[in-house]
Amino acid sequence: MEELIQHVINGLNLGAIYALIALGYTMVYGVLQLINFAHSEVYMVGAFAAYYGALRFHLTDNPGWGAFGLTLLIAMVICSALGLCIERFAYRPLRGAPKTNTLITAIGVSLFLQFAGQVVFGADPKLFPEVLRDETLFSFGEIRIQLFDVTILAVALVAMLLLNYFINKTKTGMAIRAVSFSFRSATLMGINVNSIIMVTFIVGSSLAGIGAVLVGLKYPKIQPLMGTLIGLKAFVAAVLGGIGNLPGAIVGGLLMGLCEEMVVAYLSSTYRDALAFGLLIFILLFKPSGIMGQTRVEKV
Amino acid sequence: MSRLNQIMVGASVACMAIAFSFGCTKNSETPAPPAAADNVIKIGQFGSMTGDEATFGQSTDKGVRLAIDARNAAGGIKGKKIVLLTEDDQGKPEEASAVVKKLITQDKVIALLGEVASTRSLAAAPIAQQFKVPMVSPSSTNPKVTQVGDYIFRVCFIDPVQGPIVARFAHDTLKVMKVAILKDLKSDYSLGLSEFFVKKFTELGGKIVAEQTFQAGDSDFKGQLTRIRASAPDAIFIPAYYTEVGLIARQARQLGLKAVLIGGDGWDSPKLFEIGQESVNGSYFSNHYSSESPAPATQDFIKKYKEKFNETPDGLAAAGFDAAQILLNAIASAPELTSAAVRERLAATKDFDGATGKITINADRNADKDIFIVKVDGKALKFVTLLKPTN
């Protein structure tokens, strides 16, 4: 029993990471109907920004919440800047073009960043600086809960709630919803579509930055291809939950994490990735819009 | 088609034809000279200079360069300078076969040095064998590597020797009875080593209480470790490379696993402690060498290495140094500078006094050697014992 509970905890922790990154995918998709494949590379750059930032400002000298906050800030700023650049130079010129063109561009940007990352940062893995020390918060018999695990889950949930509030209750949020509904009508209503899309990318990319720091602390090995698989799985999580739906991203992420953990624990790690994608196909067979997805009723 | 268009097309066809014929003449006039005809002797090296096992390639390269630079400083071989051509395979088997093909067909190297990881040696070996270019692996331990053919050599022990020795050490010295295994499904090294360990350990009366797997590149091992924890092992045997070992050790300790961790030569890297930190402290693994070995050849190597690179060499640097030395000796003693002649001399290597101990190449083109057991003690690796490969 204790073992099962520990597996559930492990699974939720893994799922929280997927959920956090899935939020970024869902956010951009909700507004642009664009699967921003470059999101996983923004996440990777965030990890390296945090790495170089923490080394530059000697944040590892006195690890704690202050150093952690500063690292988070660095990653968020750099990720937002990168997200903006990608939007401005890769997606905006194609705004009127068919969706497939933008999708292919997204894949191109993603590959470009992966391999540019190998040139700029070097292909060997780096050790993520320990700006915050992990500790066991709670242990009951064999069951253990770590500080980072709780932090990641909490950050994912808080981010989801804040985003929900932002989208549904603020003026900018209303504008985002309007743009998501129709570019043209939004323009007629006096909304600056370009700046609204920029806001979307800033928010989405900052989330990738937060995710990068949290995951970097938990699995302190970062390398330029680190975003690929985790990004793909987060994307699957977003689709599972219903892409464009914020709570759906959380549900999808946690579900993925739990299923993977159970597969690794009771079957074999060989089937870990097969399961992730099998699950996607299975759910989409029965519910094509995802678990919480609604067909164009309300989007981000 | 207008007249102008016809002229344009005609002109471009003519241009193509001229360019093509130039291309042909150029090729037929200057065939690449064979290695021996040059004033240099070219040796090819392939290794993981970048990637997840980057320190393997970098350390090996330093050891190899130390040996070659020393030989060049002493006048080279038969008046010729030795040139080392190093290619990075990024830790990927498909890259390893690509760069080896390039080294053989384009650069016309007389012999090859590499790789550390068995999976990548196995990817390259068939190509070396096909072109009949001798390949010396400094530290690939999977038995299949040298079974590829008579041009493939290694200067280290093999896993059917290493696995049982670690098993015997765990059983006799550490007195552990219940061992859990966590192995990498994608790695020939990991699968081979765990197989030979398990066989010997159960023979000795020990019990394997759990056998879990992961895949290279994973970063979450908590599922497997939670299963292992439930089986309450005295020790966990992790035949894997240092990056994963570091992460596994951390997560094991987070889950409250106190079992001693045991591994093989894939653990040897300065990054092991950097990634694993205090979680890897007190672990044991088998290795090609120990910097605390009193053997004069070892101490002499360490002194020269420190002078040149200002750091203590790891086992892979020592193995790289030995592989290069043995290859250079074979080239120097070969009657003529051909790959076939070098192969003959490599096969005849006997009682070479290397940095990793006495090396004799046996009939299977493997080295008969003693195996070191070291203990992780902070950033240092403490010598524990030296075991002879008896069964």
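Hi everyone. A residue is called buried here if 20 or more other C-beta atoms lie within 10 Å of its own. By that count, 51% of the 300 residues of chain A are buried. Please keep in mind that this is a predicted model.

Let's stay with chain A for a moment. Its secondary structure comes to 11 helices and 4 strands. The radius of gyration of chain A is 19 Å, close to the 19 Å from the globule rule for 300 residues, so chain A is as compact as a globular protein of that length. Along the principal axes, its C-alpha atoms fill a box of roughly 60 × 50 × 35 Å. Among contacts in chain A with a separation of 6 or more, 78% join residues 24 or more positions apart.

Now, on to the two chains together. How many residues does the contact take from each chain? Chain B gives 25 residues and chain A gives 23. On the chain B side, β7, α8, α9 and α10 each give two or more residues. The largest share there, 7 residues, comes from α8(B). By class, that side of chain B has 7 nonpolar, 12 polar and 6 charged residues.

So what does α8(B) meet? The axes of α1 of chain A, residues 2-32, and α8 of chain B, residues 222-230, come within 10 Å and cross at roughly 165°. Angles over 145 degrees count as roughly antiparallel, which makes α1(A) roughly antiparallel to α8(B). Their crossing is right-handed. From α1(A), the contact uses A:E3, A:Q6, A:H7 and A:N10, while α8(B) brings B:K222, B:G223, B:T226 and B:A230. Sorted by class, this helix contact has 1 nonpolar, 5 polar and 2 charged residues.

Thanks for listening!

How values were computed. Residues are numbered from 1 along each chain as its sequence is written. Chains are lettered from A and ligands numbered from 1 in the order in which they are written. This is a predicted model: local features need pLDDT of at least 70, side-chain atom pairs count only at pLDDT 80 or more; totals for chains, interfaces and linings use all residues. Axes are lines fitted to C-alpha atoms, for helices over the stretch in contact, and angles run from 0 to 180 degrees between N-to-C directions. Angles under 35 degrees count as roughly parallel, over 145 as roughly antiparallel, 65 to 115 as roughly perpendicular and the rest as oblique. A crossing is left-handed if the near helix is turned anticlockwise from the far one by less than a right angle, and right-handed if clockwise. Two residues are in contact if their C-beta atoms, placed from the backbone, lie within 7 Å. Ala, Val, Leu, Ile, Met, Phe, Trp, Tyr, Cys and Pro count as nonpolar, Asp, Glu, Lys and Arg as charged, and the others, Gly among them, as polar. The radius of gyration is taken over C-alpha atoms; the globule rule is 2.2 Å times the number of residues to the power 0.38. A residue is buried if 20 or more other C-beta atoms lie within 10 Å of its own, exposed if 12 or fewer, and partly exposed in between; C-beta atoms are placed from the backbone.
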